[in-house]
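This briefing goes through a single protein chain by topic. Cysteines come ahead of overall dimensions, cores and selected local elements.

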Amino acid sequence: MNWDVIIIGAGAAGLMCAATAGERGRRVLLLDHANKVGKKILMSGGGRCNFTNLDIQPENYLSDNPHFCKSALSRYTQWDFIDLVTRHQIPWHEKELGQLFCDRKSSDILNLLLAECDAAEVTIEAQTTVKDIQQISSGFELSCEDVQQTTQLLRCESLVIATGGLSIPTMGASGFGYDWAEKFGLTVTRRTASLVPFTLSGKWLDVASDLSGVSLACSVTTPRKSFSGQLLFTHRGLSGPAILQASNYWELGESVTIDLLPDESLHDLIERWQSLHSKQTLKNLLAQLLPKRFVQIWLEQIDENKPVLHYNHKEIKELHDLFHQWHITPSGTEGYRTAEVTRGGVNTDDISSKTFEAKQVKGLYFIGEVLDVTGWLGGYNFQWAWSSGWCAGQFV
């Protein structure tokens, strides 16, 4: 069967592209190998879908070519998607740092996209596996297999690959997009799990495990970037928004420095408590600022807990460093199993930043996470899906 456009991957970018192309009158077929479309949309944001951010800047994205994302982000902005959400009467709210979430459920965003596709007369086929792709004179020919293992041949003028990255393989993630990019002669940059918890080993793993479930505000500094936010201790190491953000800018073997009392100076606090002649122990005083279990276990690292009046200058400096300059070298990350995104992907030097068409393969397009464009935590990756999908949808 012949189509104007076939899109492989019915996630955020694929759905957006399909609806946009369909609105232009293109006959669009959207394929996905999963039993349901938009699974990652449904699980995102704790089931509330952090669908964009009020402050979208190119600096919020990582890529070997940091300029590539600028065109799409300026042509389809967060305000454009917010307008679409508003038109569909979906209630939403802002959380910290400009993050926008649905008031109800993530399914509101998926249903919005499906409604847009329905209005544009897009055909969606789930449980369909693409076995082979051949370039032909009129475009592309796909050999596909449905759930009954029936093979069908499909032809199209424009082929869009929107298959995402490697993160969360239990949701069906695979290297399909990267494999086909390379088969068509495009290059793919090094890929790593990102927006992902750190794992620890040795002494610090034991400490993190003892503190599992404890959360506190911190700042995390990698060799390239610092982030502030919540840190969560886990049985395997460290998680929480600040850690996930930092993982975007961390490489295996590098150390990170964590300030566990970022809004205070422990040195100044102790001196103030001493000037007030406080007879309380340091543990009890710190428990007014930090989780009690954390304070108890943290002070055990230097075997210190006595009345605050009894600390000398050397001990105060040691305590200050313990809380404000915790140096650790993560043993790794939890990998794609829990990563929110894949850092790296199809080399953007091979892709038009205006149309998202492969420069050397006419009619072949790549959008969304499969490209070497990775956003921060906080709605940035969804906005990249909306922007890249919409822009490609104007040209396919």
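**Cysteines**

A search of the whole structure, which is a predicted model, finds zero disulfides. C102 takes part in none, and the nearest cysteine sulfur, that of C49, lies 5.2 Å away. A disulfide requires two cysteine sulfur atoms within 2.5 Å.

- C102 counts as buried because its relative accessibility is 0%.
- For C144, the closest cysteine sulfur is that of C156, at 9.5 Å, which is too far for a bond.
- C144 has 1% relative accessibility and therefore also counts as buried.

**Overall chain**

- The protein chain contains 13 helices and 21 strands.
- Along the principal axes, its C-alpha atoms fill a box of roughly 85 × 40 × 40 Å.
- The chain has 396 residues, of which 54% count as buried.
- Taking contacts between residues at least 6 apart in sequence, 72% join residues at least 24 apart.
- About 17200 Å² of the protein chain is exposed, and carbon and sulfur atoms supply 48% of that area.
- The chain carries 35 positive and 45 negative charges, and the mean positions of the two sets are 2 Å apart.

**Nonpolar cores**

- The largest nonpolar core has 85 residues, and those touching the most other members are I109, I133, L142, F356, F366, W384 and W386.
- Helix α1 (residues 12-23) gives this core its largest share, eight residues.
- A second, separate core holds 42 residues, among them L200, L285, L290 and F323.
- In soluble globular proteins, nonpolar side chains tend to be buried together.

**Helix α10 and the loop before it**

- L286 belongs to helix α10, which spans residues 282-286.
- With a relative accessible area of 0%, L286 is buried.
- Apart from neighbours within four places in sequence, L286 contacts L266, W273, V295, L299 and F323.
- Of these contacts of L286, F323 is also a member of the second core, while V295 and L299 are buried residues of helix α11.
- L286 and Q360 are 74 residues apart along the chain, and their C-alpha atoms are separated by 61 Å.
- S278 sits in the loop between α9 (266-275) and α10.
- S278 is buried, its relative accessible area being 13%.
- Outside its neighbours within four places in sequence, S278 touches W273, L285, V308 and L309.
- W273 is in contact with S278 and with L286.

**Helix α11**

- Helix α11 covers residues 292-299, and its buried residues include F294, V295, I297, W298 and L299.
- The cover over the buried residues of α11 includes the helices α7 (202-210), α10 and α12 (313-324).
- Strands β13 (215-221), β14 (226-233) and β17 (326-328) are also among the elements covering them.

**Helix α6**

- In helix α6 (residues 176-183), the residues F176, G177, Y178, W180 and A181 are buried.
- Strands β1 (2-8), β8 (129-136), β10 (151-161), β19 (341-343) and β20 (364-366) pack against the buried residues of α6.
- I133, listed for the largest core, falls in β8, and F366 falls in β20.
- After α6 comes G185, which has a positive phi near 90°.

Technical notes:
Residues numbered from 1 in each chain as written. Predicted model: local features only at pLDDT ≥ 70, side-chain atom pairs only at ≥ 80, totals over all residues. Heavy atoms only, no water. Buried < 20%, exposed > 50% of the residue type's maximum accessible area, 1.4 Å probe, protein only. Helix = DSSP H or I, 4+ residues; strand = E, 2+ residues; numbered from the N terminus. Contact = heavy atoms within 4.5 Å. Areas by Shrake-Rupley, 256 points an atom, 1.4 Å probe, with all protein chains shown as cover. Lys, Arg positive; Asp, Glu negative; His and termini not counted. Charge placed at Lys NZ, Arg CZ, Asp CG, Glu CD. Core = buried A, V, L, I, M, F, W, Y, C linked by side-chain atoms within 4.5 Å.
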